[in-house]
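Student: I should like to learn how to read the packing of helices and strands in a structure. Might we work through an example?

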Amino acid sequence: MDNNLLTDRPFWKSFWESRKGLIFKIKPNYVFGDILGKIIKEKGIKNAIELGGFPGYYSIYLKKYQHLRTTLLDYFIHQELIDQLLTVNELKPGDIDIIETDLFTYEPKEKFDMVLSFGLIEHFNDTQFIIKEHLKFLKPGGTLFITLPNFKAVNGWVQKNFDKENYDKHNISSMNLNLLRDSCKALGLKDIETYYHGKFTVWLENKSEQSAIAKGIVKAIWIVGKVFTKIIPIDSKSLSPYIVVKATL
C-alpha cells in the first residue's frame, strides 16, 4: 500500500473489530440512495464497484434495491461480517462479488458502469492521485460517484476536539469543492459536479469511550444544529456533513 495513505491495514482491522452496531437492515432511503437511484435510472446502469467500502453497505444497497450486479473491493475484508450483513438484508453469501486486494497494485479484470467510494479519498494525501485510481475500473461514459465527510464543517470541530486520533487520519485539505473539481477536470472527466450534501449532524466514531461531559456537549451541538437547519434547511460548507463528487469518464 502506497505511503500516500494516511491509514494502514492494522488501523482498519482494529477499527472494524472495535465497531458496534455494524450489522443492521439497510433501509430503502439509505443516505445518498435517492441520488444514486436517479443516476442509475438516467444512465441505465447495470453494474457497479464500490472501492474501499467494507463491510459493503452500498454494494448491498445497490444489489437489493437497485438490482445491480455489485462488487466490493477493499484492502481489508472480514468475510464473516459481510455474510452476517447479507443475511440480515435478506441476501445470500455470494450475492455480491468480493475482491480483497491492494487498490494500487490490482489490475481490473473488467470495467464497470459506475465506480463508487464513500469515505475513501480523504484518507490519502494526494487527492488527484486517489481519484485517478478509481478510473481504471470505469467504462468510457461511465459514472464516478465519490463522497467524503465535510470536516471543515461543525462536525470537523467535534472530531478535532473529541476524537483527534480519527481526525488526524483524514486529509482535511481534500475537503474542498474547488480542489475536487479541478482534480476531476485535470483527469479528463466530464459533467463534473461537486457540492455539499445532507442535513446537519455530528458523530463520533469513539462515542462509547467518551466521558459523560463530552457526550453531553456533542448532544447539545446536535440538538442546536438540528433546530437551526429545520428553520433554515440548506446544504452548506458550515453545516452539511458530506461532500459529493459526481462525474463522467
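Tutor: Let us begin with a helix on the sheet of this predicted model. Helix α5 lies across β1, β4 and β5, and its direction is at about 140° to β5. Helix α3 also lies on strands, in this case β1, β2 (69-74) and β4, and runs at about 175° to β2.

Student: In what order do the strands of the sheet follow one another, and is the pairing mixed or parallel?

Tutor: The sheet is open and has seven strands, in the order β3-β2-β1-β4-β5-β7-β6, with mixed pairing. Its edges are β3 (97-100) and β6, each of which pairs on one side only. From one strand to the next, the twist averages 15°. Within the sheet, β1 (residues 47-51) and β4 are joined in the parallel sense by three bridges; Ile 49 has Val 115 of β4 as its bridge partner.

Student: How is the packing of two helices described?

Tutor: In general, one states the angle between the axes of the two packed helices and the distance between those axes. Here, α2 and α3 pack at about 55°, and their axes are 12 Å apart. The arrangement of α2 relative to α3 is therefore oblique. Their crossing is right-handed.

Student: Which residues of α2 and α3 meet?

Tutor: A general point helps: an α-helix has 3.6 residues a turn, so residues three or four places apart point the same way. From α2, Gly 33, Leu 36, Gly 37 and Ile 40 meet Tyr 58, Tyr 61, Leu 62 and Gln 66 of α3.

Student: Which residues of α2 are buried, and what do they pack against?

Tutor: In α2 (residues 33-43), the buried residues are Gly 33, Ile 35, Leu 36, Gly 37, Ile 39 and Ile 40. They pack against α3 (57-66) as well as the strands β4 (112-118), β5, β6 (190-197) and β7 (242-248). Just after the helix, Gly 44 adopts a positive phi of about 65°.

Student: Let us turn to a loop residue. Is Lys 136 buried or exposed?

Tutor: Lys 136 sits in the loop between α5 (127-135) and β5 (138-149). Its relative accessible area is 19%, and the cut-off for burial is under 20%, so Lys 136 counts as buried.

Student: What does the side chain of Lys 136 reach?

Tutor: The side chain of Lys 136 reaches the backbone oxygen of Leu 103 at 2.7 Å and makes a polar contact with the side chain of Glu 133 at 3.1 Å. Setting aside residues up to four places away in sequence, Lys 136 touches Leu 103, Phe 104, Tyr 106, Pro 108 and Lys 111.

Notes
Residues are numbered from 1 along each chain as its sequence is written. This is a predicted model: local features need pLDDT of at least 70, side-chain atom pairs count only at pLDDT 80 or more; totals for chains, interfaces and linings use all residues. Side-chain values use heavy atoms; hydrogens and water are left out. Helices (H or I, at least four residues) and strands (E, at least two) are DSSP runs, numbered from the N terminus. Buried means under 20% relative accessible area, exposed over 50%, partly exposed in between (1.4 Å probe, protein chains only). A polar contact is a pair of N or O atoms within 3.5 Å; within protein, one must be able to donate a hydrogen and the other to accept it, and residues adjacent in sequence count only if both atoms are side-chain atoms. Contact means heavy atoms within 4.5 Å. Two strands pair if DSSP finds at least two bridges between them. Axes are lines fitted to C-alpha atoms, for helices over the stretch in contact, and angles run from 0 to 180 degrees between N-to-C directions. Angles under 35 degrees count as roughly parallel, over 145 as roughly antiparallel, 65 to 115 as roughly perpendicular and the rest as oblique. A crossing is left-handed if the near helix is turned anticlockwise from the far one by less than a right angle, and right-handed if clockwise.
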